[in-house]
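Please open the model in your viewer, show the backbone as a cartoon, and keep side chains ready to switch on. The stops below say what to select next and what is to be found there.

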Amino acid sequence: MNVSDITITSLETIDAFDIVTGGYLFTLDELQNATIAQSQEKTDITGKQGRKLSSLKKNKAVTISGNNGIVSGGLLELQTGGKFENKTTEVMWNDYLIVAENQAVTTYKAVGTTGNEVEAVHIKNTDGTLGKTLTQDATAGDDTFTYDPATKTLTFGDGVIADGTEVVVYYKRQIQASVLNNMSDTYSGKCALYINALAEDKCANIYRIQFYIPKADFNGEFSIEMGDNQTVHAFEAESLAGAGCGYHNQSGQLFTYTVFGANAEDVVDEGGEVTP
C-alpha cells in the first residue's frame, strides 16, 4: 500500500505511556483539536556580493499542542509533575441558612481549632448583599455566636437576628478526596505519545493514522478555561530527539507517521509469529 495524498477526517485519541516501562498513563479522548508543528533553522551560506551559495540546516523541532474538552487528571499530573492521592483533606464550604429561634444548623460539621471552627457568619441583606458580620466566641452576643461541632448548631444572641433571616456561613469541612498538589519545586514530565486519527484518500478508502512521539516533553505552562463556555484543558509538548531509554528507545526520532488500512490484518512471518 502506498498512500501519498490523504485527508484526516477525525481526530480520535491521544494515548500516553511511560517512557521507561511502557506502562499506560492516560488517554485524551475528548479532543477538540490537536496540532503537530515542525520548525527548522536555516542559515544561508553566501559568497561574493552576498550571493546565496547554499544553506546550513539545523535544529529541527516538533511541537504537539491541542485542547481537550474535559479536564484530564493524567494530563494534569504530567503538566504539574505531581501525583493524585486519595486522602483525607479539608475543603472550604459555604451554607445559606435560615435563622429560627436564634439558631441555625450547618449542613456539614465545621472543623478547626476548638472554639474557632467557623470564622464568621454574614447576615444577608434584603437586596442580596452581605451586611453585618458576626464572629465565633464562647458566648453569643450582639456581634458573636457560638458553635457546637457535635450538633453542628450555630447559636446567636437573643433578638440579634430575626427569625426567617438568611445568613451565609463559610467554614472548612473534612472529606476523603483525590488531591493533586502543584508544588513549586516539582516540574512537568515526559512520556511517549500515540496520536490516533481516521482518514480518507481520494477514492474514499478509509485509513487509520498514527503519529508516534517517542519522547514528548510537556510544557509546564498550560491553561484550564472555565466559565460560561465549555471547559477546555490546553496542552503543549515538545518532541525530544535525544537518545531514548527503556521501553521507548528511539534515538534521534522526532515522530513516526504511519498510515494503514482501517481493517489491516496482522503480518505473520513464515514461523507463524507476528512481525514486529
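Which residue of β13 is the bridge partner of N196? Select N196 and look across to β13, where Q210 is its bridge partner.

Before going further, note that this is a predicted model, in which local features need pLDDT of at least 70 and side-chain atom pairs count only at pLDDT 80 or more, while totals for chains, interfaces and linings use all residues. Residues are numbered from 1 along each chain as its sequence is written, and side-chain values use heavy atoms, with hydrogens and water left out.

**The hairpin of β12 and β13**

Strands and helices are named here by DSSP runs numbered from the N terminus, with at least two residues (E) for a strand and at least four (H or I) for a helix; two strands are said to pair if DSSP finds at least two bridges between them. Select 190–200 for β12 and 206–218 for β13, which run antiparallel and are joined by ten bridges. The two strands form a hairpin with five residues between them, and in the turn A204 has a positive phi of about 70 degrees. A204 counts as partly exposed because its relative accessibility is 49%, where buried means under 20% relative accessible area, exposed over 50% and partly exposed in between, with a 1.4 Å probe and protein chains only. Add I6 to the selection: I6 and A204 are 198 residues apart in sequence, yet their C-alpha atoms are 9.6 Å apart in space.

**Other partners of β13**

Now keep β13 and add residues 256–261, strand β16, which pairs with β13 in the antiparallel sense over six bridges. Here T258 of β16 stands opposite Q210. Next add residues 232–239, strand β15, which runs antiparallel to β13 and is joined to that strand by three bridges; F218 stands opposite A237 in β15.

**The nonpolar core**

A nonpolar core is a set of buried Ala, Val, Leu, Ile, Met, Phe, Trp, Tyr and Cys residues joined through side-chain atoms within 4.5 Å. Show the side chains of I14, L28, L193, I213, F218 and F235, which touch the most other members of the largest such core, a set of 24 residues. The elements that give two or more residues to this core include β1 (7–17), β2 (24–28), β4 (52–68) and α1 (73–80), while β13 gives the most, with six residues. In soluble globular proteins, nonpolar side chains tend to be buried together.

Then centre on L28, whose contacts (heavy atoms within 4.5 Å) are with E12, T13, I14, N68, S72, L75 and F235, leaving out residues up to four places away in sequence.

**The aromatic cluster**

Rings of Phe, Tyr and Trp (its six-membered ring) pair if their centres lie within 6.5 Å, and planes under 30 degrees apart count as stacked, over 60 as edge-to-face and the rest as tilted. The structure holds seven aromatic pairs. One of them is F17 with Y24, an edge-to-face pair at 5.8 Å centre to centre and 75 degrees between the planes. F17 is partly exposed, with a relative accessible area of 21%, whereas Y24 is exposed at 52%. F17 also forms an edge-to-face pair with Y194, at 5.6 Å centre to centre and 90 degrees between the planes, and this pair links distant parts of the chain, since F17 lies in β1 and Y194 in β12, 177 residues apart. Add Y212 to complete the selection, as ring pairs link F17, Y24, Y194 and Y212 into a cluster.

**The seven-stranded sheet**

Move on to the open sheet, whose seven strands stand in the order β5-β11-β7-β8-β9-β10-β6 with mixed pairing. β5 (85–98) and β6 stand at the edges, each with a single partner strand, so one side of each is left without a neighbour in the sheet.

Select residues 103–105 and 153–156 to see β6 and β10 pair in the antiparallel sense over three bridges, with Q103 opposite T155 of β10. Residues 144–148, strand β9, run antiparallel to β10 and are joined to β10 by four bridges, and Y147 stands opposite L154. In the hairpin of β9 and β10, which has four residues between the strands, K152 takes a positive phi near 60 degrees.

**Last stop: R173**

Finally, select R173 with W93 and Y108. R173 lies over the face of W93, at 4.8 Å from the ring centre, and over the face of Y108, at 3.5 Å from the ring centre; a charge sits over a ring if NZ of Lys or CZ of Arg is within 6 Å of the ring centre and within 35 degrees of the ring normal.
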